[in-house]
2 protein chains.
Amino acid sequence: MTRQSRNPYIVQPVMKALKVLELVARHGHEIALTAVGKELRIPKTTTFRYLQTLSEAGFLTHNQETDKYNIGPLMRSIARADASVSKIRQLARPAMIELMNEFNETVNLAVKGDGTIVYIDLVEANRSLRMQARIGDSHPMHSTALGKAILAFLPEAEKQRQLDRPLTERTGRTLLEREEIERQLRMVAKQGYATESGENEDGAMCIGAPIMDENRYPVAALSISAPLMRMPRPLAAKAGARLREVAQAISGHLGSDAGIPPA
Amino acid sequence: MTRQSRNPYIVQPVMKALKVLELVARHGHEIALTAVGKELRIPKTTTFRYLQTLSEAGFLTHNQETDKYNIGPLMRSIARADASVSKIRQLARPAMIELMNEFNETVNLAVKGDGTIVYIDLVEANRSLRMQARIGDSHPMHSTALGKAILAFLPEAEKQRQLDRPLTERTGRTLLEREEIERQLRMVAKQGYATESGENEDGAMCIGAPIMDENRYPVAALSISAPLMRMPRPLAAKAGARLREVAQAISGHLGSDAGIPPA
DNA sequence: AACTTGCGTTTCGTGCTATGGAATTTGTAT
DNA sequence: ATACAAATTCCATAGCACGAAACGCAAGTT
């Protein structure tokens, strides 16, 4: 059986199951077990097992009525999340570079995870002393300006749910009192941006504003972070105003235009 | 190792590799081998092989620079195709039912495949004698009204590429002469709909109009099919006009509105 | 109604290959 | 230059993926 090319690390069951997944997904409609097996020249017993596994994992669905298979919810949800992140990053990048040049501090972009914010892009300041997260890092919502900016604009129910969880204490200054946090969030909602001073990382501060999707749901946030000493109050206020402005512009573009045209 | 629950047809390597795929895709950003293994409690050797396989299959990409993995092009392309098909079908369905009632003949919806058209939906006429394709079937472009409607509005380069391939002869009336086909396509482009008489199936005819995306690229087509005897010229012309109208309305909706809002 | 056909599901024994510990290489930080 | 971490390669083992064949079920045929 002349199967895989050169790479000796290919796991055949996985590779073949992926072919099945691709075929079903590409087919665009319900397709039956036998049809899949015939097309890919895989014995029906094996095809059966792959389809079962793919369905169990949520990548496919198995229609009990017709005994046929189709794309599953997981596939769609992953794709949707990915597309959204790509779009936000793409829209935000030019503005982030602009902001970095304006303030000469690191600019961060993060999306809302579950109870956390996840950095998806950052433009680093050209300075020796700088605070920096890494793309992919996740931090608690309540201890970061990015998170507070998102929290403040979340629907009430979800906001409460987030605050119900145990709140980790990142530094001595991290806010842990429910009352205190809610008070701050009301102010954030009013002024349109959030600030944080040494609550997430000692000696660092951060200013953040939310990015909303077409339903005014805060899906992401933009921030400027700097050492405390380099960011006096007036400058922070100026940064906040600019962030709010830029984040709103990005939000405006999020609902509208289509992506890349097909090949 | 107590792994999978009840279903005895689960193939472990496949299931575990899918968990890896999901983790990487969900992470939203490049992630390293070790991190994946640690998260899922899979030994790194095995994780390595899964990542290799997933990458080879195109579901992930392996960034040589950073030695990290991310969502691959295949995943995106499948998702994009699926979303597009779902949207078209959803938009077209009401209009198709309307058309079926109007003419009491089968109405078909197909998307452009590579060199073929693929049926993605159909509303069957309530008659005993009816021609019918099945969802998922694919037919050549040059022998169907659906295909000709799409061909006529394809960018010149792609149209030529399609006609360069060997053209299969479906019936005695199938057009095979390049000259003849091109002449017809020019007429289709002018009148906005295509017709086909016994060129794909003996005794059947079909009238089709293209559905365009926001870039005026013909991604799909709508058609009415009937036995030749039930579709005299004047009726065919009337059907063509209606199809053009309806297809244009659908095209108009394709570019605009957003999908389902996030949960 | 008996028969056939086609498909999904189940069973089961065999041998292949997926596996993961350990060794090695590569790359990076100190 | 050295240490550390991370990726890749090696290898021996047994666990389980595989597919032929049998089974059950439903739809269509005579």
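**Entry 1: a serine in chain A**

I started with Ser223(A), which counts as buried because its relative accessibility is 0%. The cut-off for buried is under 20%. I note here that the model is predicted. Next I looked up where Ser223(A) sits. I found Ser223(A) in strand 9 of chain A, residues 218-227. Which residues is Ser223(A) in contact with, leaving aside its neighbours within four places in sequence? I listed Thr106(A), Val107(A), Asn108(A), Leu146(A), Cys206(A), Ile207(A), Gly208(A) and Leu243(A).

**Entry 2: a hairpin in chain B**

I moved to strand 7 of chain B, residues 194-197. Which face of strand 7 is covered, and which is uncovered? Ala194(B) and Glu196(B) make up the covered face. Thr195(B) and Ser197(B) make up the uncovered one. Then I looked for the partner of strand 7 in chain B. I found strand 8 of chain B, residues 204-212, joined to strand 7 by 4 bridges. The two strands run antiparallel. I picked out one residue of the covered face, Glu196(B). Its bridge partner in strand 8 of chain B is Cys206(B). The two strands form a hairpin, with 6 residues between them. In the turn I noted Gly198(B), where phi is positive, about 65°.

**Entry 3: aromatic pairs**

I searched the whole structure for aromatic pairs and found 2 over all chains. One is Tyr9(A) with Phe48(B), an edge-to-face pair. I wrote down 5.1 Å centre to centre and 65° between the planes. This pair crosses between chains. Tyr9(A) is in the segment before helix 1 (12-27) of chain A, and Phe48(B) is in helix 3 (residues 44-56) of chain B. Are these residues buried, exposed or partly exposed? Tyr9(A) counts as partly exposed because its relative accessibility is 37%. Phe48(B) is partly exposed too, with a relative accessible area of 25%.

I then took the pair of Phe48(A) and Tyr9(B). Why does this pair count as edge-to-face? Its planes are at 65°, and the cut-off for edge-to-face is over 60 degrees. The ring centres are 5.0 Å apart. Phe48(A) lies in helix 3 of chain A and Tyr9(B) in the segment before helix 1 of chain B, so this pair joins two chains. Phe48(A) is partly exposed, at 26% relative accessible area. Tyr9(B) is partly exposed, at 37% relative accessibility.

**Entry 4: around DNA strand D**

How many residues surround DNA strand D? I counted 21. The closest are Thr46(A), Arg49(A), Tyr50(A), Thr34(B) and Phe48(B). Phe48(B) is also in an aromatic pair with Tyr9(A). I sorted the residues of this surface by kind and got 11 nonpolar, 6 polar and 4 charged.

Which part of DNA strand D lies within 4 Å of the protein? Of those atoms, 67% belong to sugar or phosphate, and the rest belong to bases. I looked at single atom pairs next. An N or O atom in the side chain of Thr45(A) is 3.3 Å from a base nitrogen of DNA strand D. A polar backbone atom of Leu33(B) is 3.3 Å from a phosphate oxygen of the strand. For Asp67(B), an N or O atom of the side chain is 3.4 Å from a phosphate oxygen.

Last, I checked which elements give two or more residues to this surface. In chain A they are helix 1 and helix 3. In chain B they are helix 1, helix 2 (33-40) and helix 3. Helix 3 of chain A gives the largest share, 4 residues.

Definitions and conventions. Residues numbered from 1 in each chain as written. Chains lettered and ligands numbered in written order. Predicted model: local features only at pLDDT ≥ 70, side-chain atom pairs only at ≥ 80, totals over all residues. Heavy atoms only, no water. Phe/Tyr/Trp six-rings, centres within 6.5 Å; stacked < 30°, edge-to-face > 60°. Buried < 20%, exposed > 50% of the residue type's maximum accessible area, 1.4 Å probe, protein only. Near = heavy atom within 4 Å. Polar contact = N/O pair within 3.5 Å; in protein donor to acceptor, adjacent residues only side chain to side chain. Nonpolar A, V, L, I, M, F, W, Y, C, P; charged D, E, K, R; others polar. Pairing = 2+ DSSP bridges. Contact = heavy atoms within 4.5 Å.
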